[in-house]
Amino acid sequence: MSLEAHIPSGPLSQKWSNHKQDSKLINPANKRKYTVIVVGSGLAGSSAAATLSELGYNVKCFCFQDSPRRAHSIAAQGGINAAKNYQNDGDSTYRLFYDTIKGGDFRAREANVYRLAEVSANIIDQCVAQGVPLAREYGGLLANRSFGGAQVSRTFYARGQTGQQLLLGAYSALSKEIARGGVQMFSRTEMLDLVLVDGQAKGIVVRDLVTGKISSHAGDTVLLCTGGYGNVFYLSTNAKGCNTTAIWRAHRKGALFANPCYTQIHPTCIPVSGDYQSKLTLMSESLRNDGRVWVPKKKDDCGKPPAQIPEDARDYYLERKYPSYGNLAPRDISSRSAKEACDEGRGVGPGGLGVYLDFADAILRYGHDQAADKNISEPELRKLGKAVVAEKYGNLFDMYECITGENGYEQPMRIYPAVHYTMGGLWVDYNLMSNVPGLHVLGEANFSDHGANRLGASALMQGLADGYFVIPTTIANYLASQKPGSVKTDHPAFKEAEAQINGRTKKFIDIKGNRTVDSYHRELGLLMWNECGMARSREGLQKAIDRLPALREDFWNNVRVPGSGADFNQELEKAGRVADFLEFGELMCLDALQREESCGGHFRVEHQYTKEDEAAKRGQAGEALRDDTNYSYVAAWEFTGDVSKPTLHKEPLTYEEVHLAVRSYV
């Protein structure tokens with residue numbers, strides 16, 4: 001199979017403009033003859049559905065939540081990047097592009113990343129026009145803050161709830177189109193299969209999560225905007241409902257799955273509190289603007305209250321190891337550094353799995369700023385400084401206190417890395433279309449923009465870029481070649497897909513085993529975290545690959561799904577999702593095993609710089625060691641019918657503007 005990315009010719013800075021000029025057009029009178037199916041209503045899905053409807057297409061939008069407002073995009077906290085250079089600190093489209101390529105450890109497609117940086121500025125204008133309440137400075141201008149992996153302030157934000165506000169903006173546009181009749185909204189409806197007719201994506205099979213009814217929907221093209229697969233680890237910062245079912249079912253129908261081993265571990269999350277915890281909670285990366293990360297220098301101090309550990313006994317390890325970026329080093333590097341400190345026995349809190357995020361210095365600094373030249377006491381300074389910190393991050397501090405019972409203003413927060421985002425996803429070309437004609441994939445569900453590590457505040461940027469600005473242009477390149485409405489749900493392919501889904505549902509109900517769905521999910525998650533998490537080894541990955549088929553077999557023989565498929569049944573929903581995770585987990589480990597290098601969030605312990613390398617100035621000891629000669633490619637996996645024997649296809653990564661280099665944040 002040949003992978004054709006359809007990257008436009010010409011200079012990098014002109015590729016997107018040239019592509020828009022060369023893309024096909026559809027007459028406004030003909031657009032209303034086409035039906036576009038959009039699965040998912042987060043930032044990518046809502047923005048795409050609303051914009052395509054505004055263009056005149058008939059849109060059907062599906063989400064498994066009770067409202068599009070409940071999509072997981074709402075949980076994003078810190079901000080959204082854009083190359084506006086409002087701070088006049090040297091930012092530009094090229095700098096955002098390069099930071100993103102470098103942050104992804106030179107494993108992303110160059111043309112897609114440049115387009116993302118190019119349209120980023122338009123996203124902010126769009127959101128402001130919608131009324132999204134982005135933070136502003138005292139004089140009324142939009143405010144910015146810094147995020148990891150950048151030395152400029154380009155992140156726009158709405159306190160600690162940026163995703164919520166951006167989603168409400170997209171939802172308002174979507175609601176307008178629903179009211180107009182351009183979008184049919186199907187809430188509490190889960191996609192369970194993709195329907196192909198003559199090898200092209202022409203519809204989906206769904207289940208009504210309230211009534212249990214299985215039904216089909218036909219369209220001229222299908223857009224998957226269903227997010228990532230982080231919940232394969234069971235414990236993650238994702239909502240419990242987040243799953244891989246839509247993209248995995250598409251993969252089983254022929255869509256290539258690209259770079260599944262690229263997962264992001266976020267360095268600032270509330271540590272695990274017990275064996276039966278169901279999810280983890282993110283503490284926004286924006287907190288690292290003002291919070292300083294540290295652990296005690298000596299193991300003996302780990303049990304002491306932080307206030308009793310003097311300054312000279314603290315190791316501000318990010319500031320020590322990466323002085324140019326300090327506490328805003330990229331997520332993969334910051335997470336591994338936290339793990340390293342805890343592995344050395346210098347972690348804090350229960351089990352020693354935590355590091356401190358300390359705001360004491362920031363509170364005093366802001367207090368002095370507010371006091372100006374006034375001579376006031378330290379308690380008064382702290383009061384003034386606390387008010388400034390609360391204005392910036394108050395909801396995050398409130399959330400932290402609700403969960404831990406600790407006051408982050410009075411003592412350092414305890415944080416530890418956790419699964420947060422996935423850079424892998426279905427393979428797409430420059431038009432965001434997969435190798436399956438008619439199947440487009442947007443946002444976190446595709447692989448295209450972040451390489452092996454995503455920079456903070458870039459997920460929201462990608463979702464809205466794909467939905468508002470990319471797919472409205474590129475979708476016509478496919479639809480212009482299609483006769484609208486040529487496939488209906490009476491086609492035999494739909495009946496066959498429905499029968500398979502009904503058979504799968506009956507099989508779940510009939511097993512009547514003695515283990516819960518959650519028990520299998522928890523076991524899978526622990527296996528994946530231990531062997532394919534922050535640090536990976538050939539031995540550990542092989543152990544997981546050997547274990548997973550047996551775990552799948554046991555699941556299909558011993559899981560217990562109470563109730564029936566003919567009504568509301570959340571255990572049935574979970575069973576289907578966990579069954580897919582049990583298959584996907586093996587592909588993820590196979591991908592990690594074959595990639596004999598370390599890059600970004602994929603860290604193979606066998607491939608890291610040594611102290612000898614550091615002495616020779618080849619790279620910093622303990623950091624990821626890439627192999628550009630053998631692994632500068634996108635790994636795109638084809639389903640062969642046997643989960644354990646997928647076929648690997650490679651898309652070489654070629655760089656016209658960027659020179660491959662050792663990634664350094666020192």
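This short talk covers two strand pairings, a small set of paired strands and the internal cavities of the structure above. Please keep in mind throughout that this is a predicted model.

Let me begin with strand β11, which spans residues 263–269; seven of its seven residues are buried, so the strand is largely enclosed by the rest of the structure. Its pairing is with strand β15, residues 413–422, and the two run in the antiparallel sense over five bridges. To place that pairing on individual residues, Cys269 has Tyr416 of β15 as its bridge partner.

Next comes an open sheet of three strands, ordered β6-β7-β8, in which the pairing is antiparallel. Here β6 (189–197) and β8 (214–218) stand at the edges, and because each has a single partner strand, one side of each is left without a neighbour in the sheet. From one strand to the next, the twist averages 30°. Between β7, residues 200–208, and β8 there are five bridges, and within this antiparallel pair Val205 is matched with Ser216 of β8.

Strand β6 also brings us to the cavities, since β6, α7 (245–252), α13 (492–511) and α16 (570–594) each supply at least two residues to the lining of the largest one.

How many cavities of 30 Å³ or more does the structure hold? There are five, and the largest contains about 150 Å³ of space. Its lining has 14 residues, of which Leu192, Thr505, Phe508, Leu572 and Gly576 are the closest to the centre. By character, the lining of this largest cavity divides into five nonpolar, three polar and six charged residues.

Definitions and conventions. Residues are numbered from 1 along each chain as its sequence is written. This is a predicted model: local features need pLDDT of at least 70, side-chain atom pairs count only at pLDDT 80 or more; totals for chains, interfaces and linings use all residues. Side-chain values use heavy atoms; hydrogens and water are left out. Buried means under 20% relative accessible area, exposed over 50%, partly exposed in between (1.4 Å probe, protein chains only). Helices (H or I, at least four residues) and strands (E, at least two) are DSSP runs, numbered from the N terminus. Two strands pair if DSSP finds at least two bridges between them. Axes are lines fitted to C-alpha atoms, for helices over the stretch in contact, and angles run from 0 to 180 degrees between N-to-C directions. On a 1 Å grid over the protein atoms alone, a cavity is a set of points where a 1.4 Å probe fits but cannot get out, and a pocket is an open set with protein on both sides within 12 Å along at least five of seven lines; lining residues have an atom within 4 Å of a point. Grid points are joined across faces, edges and corners, and a volume is the space filled by probe spheres set on the points. Ala, Val, Leu, Ile, Met, Phe, Trp, Tyr, Cys and Pro count as nonpolar, Asp, Glu, Lys and Arg as charged, and the others, Gly among them, as polar.
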